[in-house]
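Biologist: Could you walk me through some helix packing and charged pairs here? I have the sequence and the structure open beside me.

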Amino acid sequence: MIIVKLMGGMGNQMFQYAFGKQLALKHNVKLKLDLTEISNVNLNGNYSVRELGLDNFNIDLTIATKEEIKVYKGTKISKLINLLLLYSPIKANKLYIREPYFHFFKKALIAPKDSYLDGYWQSEKYFSRVRSELIKDFTLKSKLSEESKLLSQNIEKQNSVSIHVRKGDYLSIAANKNLYEDCGPAYYKKSMEKIAGLVNDPVFYLFSDDPEWFKKNVSTTFKVEYVTHNRGKDSYQDIYLMSLCKHNIIANSSFSWWGAWLNTYKDKIVIAPKKWFKNDSKDSSDLIPETWIRL
């Protein structure tokens, strides 16, 4: 059995599920989810309150029991031993695997069939082998709203380009503000010009928690459609709508990363920010697929 610890928002949960899915399929075992950290509130206000987001997709959500989690996680000493085992030729039957750093941790791919995964796993290198299965898993379980349905029809008829702007919790929460680079007007202007130089008559669809910021700060003559009707629990529809666009301009956000990754248009162009974090000590080189453009 593979148990995956879920934490963070919807995009983060999708990364965690995706890696667990690859390991579960590799070993032909059950994938279970540890939800103990979902919706935990940090009293210092350093993190957003999060809820389960995967239930919006066609996923077999099997929740790990407290007893299973306890057995797999083990003690602090066993966690350290298990981590050391990944660096040695010794094989273990059951491992607690904690992501030791942000960039691709190749040793995690050799995890045995009974493993507990504790990390963000933000690289397609953890799950690229099961892309077709994940495309199916991340289809929507619920029907689109009428407004989203109409919008999806327009998106599919045009040379549509999604633009994601994330400001909200990146500016209001101290931990996020100090961690993530701010994607400013120059990034979005340059990205739109890049797309316009490669695509005929692009129509840009703006997805954002702060559309007014874009209106005030990014002056452009290109056609921009503002998508503002999906809020809160309906935000999963935005990931789907972004994936329908032929091309994508993402923010340094796992939310729009998945919108672009789930895009199946064969000639898609994806533009991502060159700098993801403020601090260069975090290596994000494995986060962006090689075929994407970094600006």
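**Charged pairs and a helix contact**

Modeller: Happy to! At 44% relative accessibility, K215 counts as partly exposed. Do keep in mind that this is a predicted model.

Biologist: Which residue meets K215 in a salt bridge?

Modeller: Look within helix α9, residues 211-217, where K215 has a partner three residues away, about one turn of the helix. The partner is partly exposed, with a relative accessible area of 40%. The N to O distance is 3.5 Å, and the side chain that meets K215 is that of E212.

Biologist: Nice. E146 forms a salt bridge with K149, so is E146 buried, partly exposed or exposed?

Modeller: These two both lie in helix α5, residues 146-157, three residues apart. Their closest N and O atoms are 3.5 Å apart. K149 has a relative accessible area of 34%, so K149 is partly exposed. E146 has 59% relative accessibility, and exposed means over 50%, so E146 counts as exposed.

Biologist: How far apart are the closest N and O atoms of E225 and K223?

Modeller: Both ends of this pair are partly exposed: E225 has 31% relative accessibility, and K223 has a relative accessible area of 46%. A salt bridge needs the nitrogen within 4 Å of a carboxyl oxygen. E225 and K223 form one, with their closest N and O atoms apart by 3.8 Å.

Biologist: Which residues are linked with K5 in a network of salt bridges?

Modeller: Side chains of opposite charge can pair when their charged atoms come close. By the rule used here, the count comes to 10 salt bridges. In the network, K5 is linked with E37 and D118.

Biologist: Now the helices. Are α10 and α11 roughly parallel, roughly perpendicular or oblique to each other?

Modeller: Helix α10 covers residues 236-244 and helix α11 covers residues 254-261, and their axes are 7 Å apart. They pack at an angle of about 40°. Roughly parallel would need an angle under 35 degrees, and roughly perpendicular 65 to 115. The two helices are therefore oblique.

Biologist: Is that crossing left-handed or right-handed, and which residues of α11 make the contact?

Modeller: The crossing of α10 and α11 is right-handed. On the α10 side, the contact is made by D238, I239, M242 and S243. By class, the contact has four nonpolar, three polar and one charged residues. On the α11 side, the residues are F255, S256, W258 and G259.

Key: Residues numbered from 1 in each chain as written. Predicted model: local features only at pLDDT ≥ 70, side-chain atom pairs only at ≥ 80, totals over all residues. Heavy atoms only, no water. Axes fitted to C-alpha atoms, helices over the stretch in contact; angles between N-to-C directions. Helix = DSSP H or I, 4+ residues; strand = E, 2+ residues; numbered from the N terminus. Parallel < 35°, antiparallel > 145°, perpendicular 65-115°, else oblique. Left-handed = near helix turned anticlockwise from the far one by under 90°. Contact = heavy atoms within 4.5 Å. Nonpolar A, V, L, I, M, F, W, Y, C, P; charged D, E, K, R; others polar. Buried < 20%, exposed > 50% of the residue type's maximum accessible area, 1.4 Å probe, protein only.
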